[in-house]
Amino acid sequence: MYTKHRFAEELLAELENNADADHIAKWCYLRYLDEHHLEAGLSEVMDRVYGMDAGPEFEMSEEELRKLAASLQANDELAD
């Protein structure tokens, strides 16, 4: 299963590589297509991230993406 925590870790690593919103949206969409078993709620999170390429009004800043990743990791740690 592809978890929120794993997605968050990969998102942070990808942001280190290239924080461009279009790049992150495409990366996220490819991850979405590759993973067939998503943790509950992750599909909606990924939809928001890969939807950034729909227009500037949907883009998230690097800071917002990092906060999203931190939130996903924090929620996962609370569930442990």
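Which residues do ring pairs link into a cluster? They are Y2, F7 and W27. Keep in mind while reading on that this is a predicted model.

## Aromatic pairs

Let's start with the rings. There are four aromatic pairs in the structure. One of them joins Y29 and Y50: the ring centres are 5.1 Å apart and the planes sit at 70°, so this pair is edge-to-face. Since planes over 60 degrees apart count as edge-to-face, the 70° between Y29 and Y50 puts them in that group. Y29 belongs to helix α2, which covers residues 21–34, while Y50 belongs to helix α3, residues 42–50. The two tyrosines are 21 residues apart in sequence, so their pairing ties together separate parts of the chain.

Y50 has another partner too. With Y32 it makes an aromatic pair that is tilted, at 5.2 Å centre to centre and with 55° between the planes. Here again distant parts of the chain are linked, with Y32 in helix α2 and Y50 in helix α3, 18 residues apart.

How open are these three tyrosines? Y50 is buried, at a relative accessible area of 16%. Y29 is partly exposed at 39% relative accessibility, and Y32 also counts as partly exposed, at 25%.

## Where α2 meets α3

Now for the helices that carry those rings. α2 and α3 pack with their axes 8 Å apart, at an angle of about 145°, and their crossing is left-handed. On the α2 side, the contact is made by I24, A25, C28, Y29, R31 and Y32. On the α3 side, S43, M46, V49 and Y50 do the job. Sorted by class, this contact has eight nonpolar residues, one polar and one charged.

S43, in helix α3, is worth a quick look. This serine is partly exposed, with a relative accessible area of 27%. Setting aside residues up to four places away in sequence, S43 touches Y32 and L38. S43 and Y32 are 11 residues apart along the chain, and their C-alpha atoms are separated by 7.8 Å.

## Where α1 meets α2

Helix α2 also packs with α1. The axes of α1 and α2 come within 11 Å and cross at roughly 145°, and α1 passes α2 in a right-handed crossing.

Who takes part? From α1 come R6, F7, E10, L11, E14, L15 and N17, and from α2 come H23, I24, W27, C28 and R31. By class, the residues of this α1–α2 contact divide into six nonpolar, two polar and four charged. F7 and W27, on opposite sides of this contact, are also members of the ring cluster with Y2.

## The nonpolar core

Finally, the core. The largest nonpolar core has 21 residues, and F7, V49 and M52 touch the most other members. Four elements give two or more residues to this core: α1 (4–17), α2, α3 and α4 (62–79).

What does V49 contact, leaving aside its neighbours within four places in sequence? V49 is in contact with F7, I24, A25, C28, L65 and L68. I24, A25 and C28 also turn up on the α2 side of the α2–α3 contact, where V49 is on the α3 side.

Technical notes: Residues are numbered from 1 along each chain as its sequence is written. This is a predicted model: local features need pLDDT of at least 70, side-chain atom pairs count only at pLDDT 80 or more; totals for chains, interfaces and linings use all residues. Side-chain values use heavy atoms; hydrogens and water are left out. Rings of Phe, Tyr and Trp (its six-membered ring) pair if their centres lie within 6.5 Å; planes under 30 degrees apart count as stacked, over 60 as edge-to-face and the rest as tilted. Buried means under 20% relative accessible area, exposed over 50%, partly exposed in between (1.4 Å probe, protein chains only). Axes are lines fitted to C-alpha atoms, for helices over the stretch in contact, and angles run from 0 to 180 degrees between N-to-C directions. A crossing is left-handed if the near helix is turned anticlockwise from the far one by less than a right angle, and right-handed if clockwise. Contact means heavy atoms within 4.5 Å. Ala, Val, Leu, Ile, Met, Phe, Trp, Tyr, Cys and Pro count as nonpolar, Asp, Glu, Lys and Arg as charged, and the others, Gly among them, as polar. A nonpolar core is a set of buried Ala, Val, Leu, Ile, Met, Phe, Trp, Tyr and Cys residues joined through side-chain atoms within 4.5 Å.
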